[in-house]
Amino acid sequence: MSDNTDIPVTVLGLGLMGRALAGAFLKAGLPTTVWNRTASKADRLAAEGARPAPTVGDALKAGPLTIICLTDYQAVHEVLDANELDGTTLVNLTSGSSAQARETARWAEQRGARYLDGAIMAVPPAIGTAEALILYSGPRADFEAHEPTLGALGTATHLGADHGLASLYDVAGLAMMWSVLNAWLQGTALLRTARVDAVTYAPFAQQIATVVAGWLPGYAAQVDQGSFPAEVSALETDARAMAHLVEECEAAGVNAELPKLFKAMADRSIAAGHGHEQYPVLIKEFTTP
Ligand code: FVH
């Protein structure tokens, strides 16, 4: 976590996450102004030392840095549209798409504001601890100017100048999370047919996930180089193993949708002549709409 400064900070939006963000700033000793559409949500923070602003305009004027954490980008525009933004720095931690982030950055910059977009990879109770990973994208100079303040919220990571990056990393993280969880549930369903309970299978699943995670840097280099020599296994070998998985699921009366989906992708790649290459050659399937 970075050292804090005495620079005042404003938080717009005091839902579950916004209250945690404002609370972390207060805990770090920063002068914190807050605003929320439903004003009563500021009461507890006010008792802890926050300054509730009567209007969005007053909140924006309270300091050079405003953190926004609302339901969605539509709410962001509803809150900010009628206000003067010239000279302020906005850090928008509201979840949204990369296109919304880029569009909102252009909109804010046209109105004289500096703009960083962000994604919170944590739940409210983790905010204010190093465990709370918060991703930022936008001009590096703007991030560095406020890094000590942003450090009060958790581990602040700047991804690059493209404002869409934080949103893209956010959804890429979700893709990893759901893929791993779905794969684990597939195996759990299979093993339950042999009366192996989920708790017994979990350590094995964890071991496999760790081994596979170790392959990522080497596979990533193949993707970046666009060259996929089969160093440990060819795609057509993997596809035969996928066929076993599908057969086993069907024989056991277990849902086979997911294995069939990734086997179909492998089959397409093999049909396109990539059977002798290594698994990451499937990136060509993933980059096709
Ligand atoms: N909570 C979490 O764990 C996740 C972690 C990952 C990222 N998210 C994102 O954070 C944004 C806010 O989430 P939240 O959990 O704080 O959400 P709520 O508790 O539902 O609070 C929503 C706040 O937004 C205000 N609001 C909504 N629409 C408007 C509007 N049109 N004008 C003004 N304010 C609006 C709402 O105000 P109120 O209902 O209290 O008056 C709340 O302050 C979100 O993008 C998550 O995806 C959190």
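1. A good place to start is the end of the big sheet's strand order: S7, helix H6 (residues 140-150) and S8 together make a β-α-β unit, and that unit is right-handed. Keep in mind while looking that this is a predicted model.

2. Now look at the two strands of that unit side by side. Strand S7 covers residues 133-137 and strand S8 covers residues 155-158; they run parallel and are joined by four bridges. If you want one pair to click on, take tyrosine 136, whose bridge partner in S8 is histidine 158.

3. Zoom out and you'll find that these strands belong to an open sheet of eight, with mixed pairing. Reading across, the order goes S3-S2-S1-S4-S5-S6-S7-S8. Strand S3 (51-52) and S8 sit at the edges with a single partner strand each, so one side of each has no neighbour in the sheet.

4. What does S3 pair with? Its partner is strand S2 (residues 32-35), in the parallel sense and over two bridges. Here valine 34 stands opposite proline 52 in S3.

5. On to the ligand. There are 22 residues around it, and the ones that come nearest are Asn36, Thr38, Lys41, Glu78 and Ser95. Sorted by class, the shell has 11 nonpolar residues, eight polar ones and three charged ones.

6. Three polar contacts deserve a look, each to an oxygen atom of the ligand. From threonine 38, a polar side-chain atom lies 2.5 Å from a ligand oxygen. For serine 95, an N or O atom of the side chain is 2.7 Å from an oxygen of the ligand. Leucine 16 takes part through its backbone instead: an N or O atom there lies 3.0 Å from a ligand oxygen.

7. How much of the ligand does the protein bury? Taken alone, the ligand exposes 900 Å², and the protein buries 75% of that. Helix H1 (16-27) and helix H4 (73-80) are the elements that give two or more residues to the shell around the ligand.

8. Last, the overall layout. The chain is divided into domain 1, running 9-161, and domain 2, running 193-286. Taken over C-alpha atoms, the centres of domain 1 and domain 2 are separated by 41 Å.

Note on methods:
Residues numbered from 1 in each chain as written. Predicted model: local features only at pLDDT ≥ 70, side-chain atom pairs only at ≥ 80, totals over all residues. Heavy atoms only, no water. Near = heavy atom within 4 Å. Polar contact = N/O pair within 3.5 Å; in protein donor to acceptor, adjacent residues only side chain to side chain. Areas by Shrake-Rupley, 256 points an atom, 1.4 Å probe, with all protein chains shown as cover. Nonpolar A, V, L, I, M, F, W, Y, C, P; charged D, E, K, R; others polar. Domains from an automatic or database assignment. Pairing = 2+ DSSP bridges. Right-handed = clockwise from strand over helix to strand, strands pointing away.
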